[in-house]
Amino acid sequence: MTPIRVLIADDQVMVRQGFTVLLNLEPGIEVIGQAVDGLDAVAQVAELAPDVVLMDVRMPRLGGIEATRQLTEPSGATVKVLVLTTFDLDEYVYEALRAGASGFLLKDASAAELAQAVRVVAAGDALLAPNITKRLIAEFSRVTSSPRTPLKDRVGDLTERETEVLGLIAQGLSNGEIAERLVVAEQTVKSHVGRILVKLGLRDRTQAAVFAYETGLIRPAGY
């Protein structure tokens, strides 16, 4: 099986080297490069074509948010970005998710958590740490302005069932959990998810969750 190719972008040498050692010990994962900042990351992605980039948020020259945007916005972009952060409620994480990141990971994560995060993001079939990511997105939606009309209009492209599935994705449920909730086959849920992403022009489940909160389809608890 072809290993998951990873690029690590962080301005701290110890972080880059530590994550490299940990990931290279994991079966099916290979670190193919290290970048010292966002500009370096963008250049190395173009050269090395990694599957996943572990991206620090605060870096000199070009920060992780703008670097993420540059890597994920182009049509046909396939690289997945996993944001590295020190605090799980870091406000920059909100912007990184909106910029196109597929999830985030705390820098003090264990080797097992790091490897699992890389595999999940590479697969693109589940939110990373749903309970935390959901809380981040919910908090972000609470402090932003009211839902943007163009986004709200796009929800109308979805069928009633697709809208229901989108809401459950935003709540952090996996395909299996959604299937159980709706009493349907998991393959049926996968088909719904695929159509939702295509209709809304979204890259993955994390972006679908962001969309659901920003359109007001899902409201944070208590608001």
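Start your tour by selecting Asp204: at 3% relative accessibility it counts as buried, where buried means under 20% relative accessible area, exposed over 50% and partly exposed in between (1.4 Å probe, protein chains only). Before you click further, note that this is a predicted model, where local features need pLDDT of at least 70 and side-chain atom pairs count only at pLDDT 80 or more, while totals for chains, interfaces and linings use all residues. Residues are numbered from 1 along each chain as its sequence is written, and side-chain values use heavy atoms, with hydrogens and water left out.

**Stop 1: around Asp204**

Asp204 sits in the loop between helix H10 (186–200) and H11. Helices here are DSSP runs (H or I, at least four residues), strands are too (E, at least two), and both are numbered from the N terminus. Show the side chains of Asp204 and Ser102 and you'll find a polar contact of 2.5 Å joining them. A polar contact is a pair of N or O atoms within 3.5 Å; within protein, one must be able to donate a hydrogen and the other to accept it, and residues adjacent in sequence count only if both atoms are side-chain atoms.

Now pull up what else Asp204 touches: leaving out residues up to four places away in sequence, the list is Lys80, Ser102, Gly124 and Leu197. Contact means heavy atoms within 4.5 Å. Then look toward the start of H11, where a side-chain oxygen of Asp204 reaches to within 3.0 Å of the backbone nitrogen of Gln207.

**Stop 2: helix H11 and its partner H8**

Select H11 next. Ten of its ten residues are buried, so H11 is largely enclosed by the rest of the structure. Among those buried residues are Arg205, Gln207, Phe211 and Glu214. Step past the end of the helix and you reach Gly216, with a positive phi near 85°.

Add helix H8 (residues 160–170) to the view. H8 and H11 (residues 205–214) pack at an angle of about 105°, and their axes are 8 Å apart. The axes are lines fitted to C-alpha atoms, for helices over the stretch in contact, and the angles run from 0 to 180 degrees between N-to-C directions. The two helices are therefore roughly perpendicular to each other; that label covers 65 to 115 degrees, with angles under 35 counting as roughly parallel, over 145 as roughly antiparallel and the rest as oblique.

Which residues in H8 and H11 meet? From H8 they are Leu166, Ile169 and Ala170, and from H11 they are Arg205, Ala208, Ala209, Phe211, Ala212 and Tyr213. By class, this contact has eight nonpolar residues, no polar ones and one charged. Here Ala, Val, Leu, Ile, Met, Phe, Trp, Tyr, Cys and Pro count as nonpolar, Asp, Glu, Lys and Arg as charged, and the others, Gly among them, as polar.

Zoom in on Ile169, which counts as buried at 1% relative accessibility. Its C-alpha atom is 8.7 Å from that of Ala212, although the two residues are 43 apart along the chain.

Just beyond, pick Leu173 in the loop between H8 and helix H9 (175–182). Leu173 is buried too, with a relative accessible area of 12%. Beyond its neighbours up to four places away in sequence, Leu173 touches Leu168, Ile178, Arg181 and Arg205.

**Stop 3: the largest nonpolar core**

Select Ala9, Val53, Met55, Leu71 and Val83: of the 23 residues in the largest nonpolar core, these touch the most other members. A nonpolar core is a set of buried Ala, Val, Leu, Ile, Met, Phe, Trp, Tyr and Cys residues joined through side-chain atoms within 4.5 Å. Elements giving two or more residues to this core include strand S1 (4–9), helix H3 (64–72) and helix H4 (91–99). H4 supplies the largest share, four residues.

Next, select Thr72 in helix H3. At 6% relative accessibility, Thr72 counts as buried, and its side chain reaches the backbone oxygen of Thr68 at 2.9 Å.

**Last stop: two unusual phi angles**

Finish with Arg61, in the loop between S3 and H3. Arg61 has a positive phi of about 65° although it is not a glycine, and it counts as exposed at 64% relative accessibility. Then jump to Val183, in the loop between H9 and H10. Val183 is not a glycine either, yet has a positive phi of about 55°; at 71% relative accessibility, Val183 counts as exposed. For context, most residues other than glycine have a negative phi.
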